[in-house]
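Q: Hi! Could you walk me through this model? I'd like to go over it piece by piece.

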Amino acid sequence: MLFVPLAEYSIKAVLPNAVHFTLLGFHSQTSNTLVLPALITNIVIGLITLITIFLYKKRKLQMRLCLLNVLLTLSLIALIAYYAFNFNGYYVMNQDYLFGICLPALMILFLFLARSAIKKDEELVKSLDRLR
């Protein structure tokens, strides 16, 4: 998700110029501006997701980490909204929000689906322990 464009701004400067907004920052032909809080949040979400995958024997911890990831994704959505709506480019002529702006919402959906599947596995293991 780091390189997926979230928005595109057409600004009127000396020449018509386009500025692309990704989680790495605002990029144009002449300059690049880093968006550090959104970048750090996205990297932390990725690391927690990777750690969660390998904790398959600790299902309760997996469910907690999924909820933590949902909270971090909500904060990422807030950061994206803040940066996208408060773009301080000069003479913005046009704003286009691209498909990448929907990806954090899909992340939340898939995290809830993962949490429900982990919960079903936990209930299945508990039911099998009762039969012994």
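Q: Let me jump right in: are E122 and R59 buried or exposed?
A: Both E122 and R59 are buried. Keep in mind that this is a predicted model.

Q: Okay, and what do the side chains of E122 and R59 do?
A: They meet in a salt bridge, at 2.8 Å from N to O. E122 sits in helix α3 and R59 in helix α2, so the pair ties together parts that are 63 residues apart in sequence.

Q: How many salt bridges does the structure hold?
A: Just one.

Q: Let's back up a bit. What does the secondary structure come to?
A: The chain has three helices and five strands. Going along the sequence, the pattern reads β-β-β-β-α-α-β-α.

Q: And how much of the chain is buried?
A: Of the 132 residues in the chain, 31% are buried.

Q: Which residues have the most contacts inside the largest nonpolar core?
A: Those are Y9, F21 and F26, in a core of 16 residues. At least two core residues come from each of β1 (7-12), β2 (16-22), α1 (36-53) and α2.

Q: Which element gives the largest share of this core?
A: That is α2, with four residues. As general background, nonpolar side chains tend to be buried together in soluble globular proteins.

Q: Now the outside. Which residues make the nonpolar surface patch of about 510 Å²?
A: F99, L106, L109, F110 and L113 make that patch.

Q: Where is L109 found?
A: L109 belongs to helix α3.

Q: And why does L109 count as partly exposed?
A: Because its relative accessibility is 44%, and partly exposed covers the range between under 20% for buried and over 50% for exposed.

Q: Switching to charge: which residues gather in the patch of positive charge on the surface?
A: You'll find K60, R64, K126 and R130 there.

Q: Which helices each supply at least two residues of the positive patch?
A: Those are α2 (59-85) and α3 (103-131).

Q: Let me pick one of them. Where does R64 lie, and is R64 buried or exposed?
A: R64 lies in helix α2. Its relative accessible area is 57%, so R64 is exposed.

Q: Nice, can you give me α2 and α3 in one go?
A: Sure! Each of the two supplies at least two residues of the positive patch, and the salt bridge joins E122 of α3 to R59 of α2. On top of that, α2 gives four residues to the largest nonpolar core, while L109 of α3 is part of the nonpolar surface patch.

Notes: Residues numbered from 1 in each chain as written. Predicted model: local features only at pLDDT ≥ 70, side-chain atom pairs only at ≥ 80, totals over all residues. Heavy atoms only, no water. Patch = residues over 30% accessible without salt bridge, like charges linked within 9 Å, V, L, I, M, F, W, Y side chains within 5 Å. Areas by Shrake-Rupley, 256 points an atom, 1.4 Å probe, with all protein chains shown as cover. Salt bridge = Lys/Arg side-chain N within 4 Å of Asp/Glu carboxyl O. Lys, Arg positive; Asp, Glu negative; His and termini not counted. Charge placed at Lys NZ, Arg CZ, Asp CG, Glu CD. Buried < 20%, exposed > 50% of the residue type's maximum accessible area, 1.4 Å probe, protein only. Core = buried A, V, L, I, M, F, W, Y, C linked by side-chain atoms within 4.5 Å.
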